Amino acid sequence: MSSPHVKSAAVAAALSALDEGRTPERPVLREAVRTLLTVLAERAPGRSVEVRVPPYGAVQCVAGPRHTRGTPPNVVEMDPTTWLELASGRLAWAEAVTEGRVRVSGIRGDISALLPLWQRR
């Protein structure tokens, strides 16, 4: 993991809160989500998939055909807690999709091969 974001205090704090059954504080959750989205975009550069975690952020990633106007054909969307759990390996992609916690559209929307992004230290 060469990204400078891998030592993010916000990610560690947000995951600790989740592990303790608490909801992370809003500023911590926002920074953790954005940090992990940045890591995803660095690991899978491109513009063929848009990953959305409202209300905190969205990134375009994954090499392939570039999307330029309107709603992208390949969209992955989820809530912040689901994103933290997926990015940290606490939740499996298939389980999240089956439970409806992740909404995926398009043939490139399956980003499971890119996860997890964050390992416990």
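**Exercise 1. Is the crossing of α2 and α3 left-handed or right-handed, and which residues of the two helices make the contact?**

Solution. The model examined here is a predicted one. Begin with the geometry: helix α2, residues 26-43, packs against helix α3, residues 80-87, at an angle of about 50 degrees, and the two axes lie 10 Å apart. Angles of 65 to 115 degrees count as roughly perpendicular and those under 35 degrees as roughly parallel, and α2 and α3 are therefore oblique to each other. The crossing of these two helices is left-handed. Next, list the residues that form the contact: α2 contributes Leu 29, Ala 32, Val 33, Leu 36, Leu 37 and Leu 40, while α3 contributes Pro 80, Trp 83, Leu 84 and Ala 87. Sorted by class, the contact between α2 and α3 holds 10 nonpolar residues, with no polar and no charged ones.

**Exercise 2. Determine which residues touch the most other members of the largest nonpolar core, and which element gives the largest share of this core.**

Solution. The largest nonpolar core has 34 residues, and within it Val 51, Trp 83 and Ile 111 touch the most other members. Two or more residues of this core come from each of α1 (9-19), α2, β1, β2, β3, α3 and α4 (93-98). The largest share, seven residues, is supplied by α2. As a last step, take Val 51 and set aside its neighbours within four places in sequence: Val 51 is then in contact with Leu 37, Leu 40, Gly 57, Ala 58, Val 59, Cys 61, Val 76, Met 78 and Ile 111. Two of these partners, Leu 37 and Leu 40, belong to the α2 side of the contact with α3. As a general background, nonpolar side chains in soluble globular proteins tend to be buried together.

**Exercise 3. Locate the cis peptide bonds that precede Pro 55 and Pro 116, and place each proline in the chain.**

Solution. Taking Pro 55 to begin with, the peptide bond leading to it from Pro 54 is cis, with omega near 5 degrees, and Pro 55 is found in the loop between β1 (49-53) and β2 (57-61). Turning to Pro 116, the peptide bond from Leu 115 is cis as well, with omega near 0 degrees, and Pro 116 lies in the segment after β4 (102-105).

**Exercise 4. Describe the backbone of Val 62 and decide whether Val 62 is buried or exposed.**

Solution. Val 62 lies in the loop between β2 and β3 (75-78). The phi of Val 62 is near 70 degrees, a positive value in a residue other than glycine. For the second part, the cut-off is needed: buried means under 20% relative accessible area. Because its relative accessibility is 18%, Val 62 counts as buried.

How values were computed. Residues numbered from 1 in each chain as written. Predicted model: local features only at pLDDT ≥ 70, side-chain atom pairs only at ≥ 80, totals over all residues. Heavy atoms only, no water. Axes fitted to C-alpha atoms, helices over the stretch in contact; angles between N-to-C directions. Helix = DSSP H or I, 4+ residues; strand = E, 2+ residues; numbered from the N terminus. Parallel < 35°, antiparallel > 145°, perpendicular 65-115°, else oblique. Left-handed = near helix turned anticlockwise from the far one by under 90°. Contact = heavy atoms within 4.5 Å. Nonpolar A, V, L, I, M, F, W, Y, C, P; charged D, E, K, R; others polar. Buried < 20%, exposed > 50% of the residue type's maximum accessible area, 1.4 Å probe, protein only. Core = buried A, V, L, I, M, F, W, Y, C linked by side-chain atoms within 4.5 Å.
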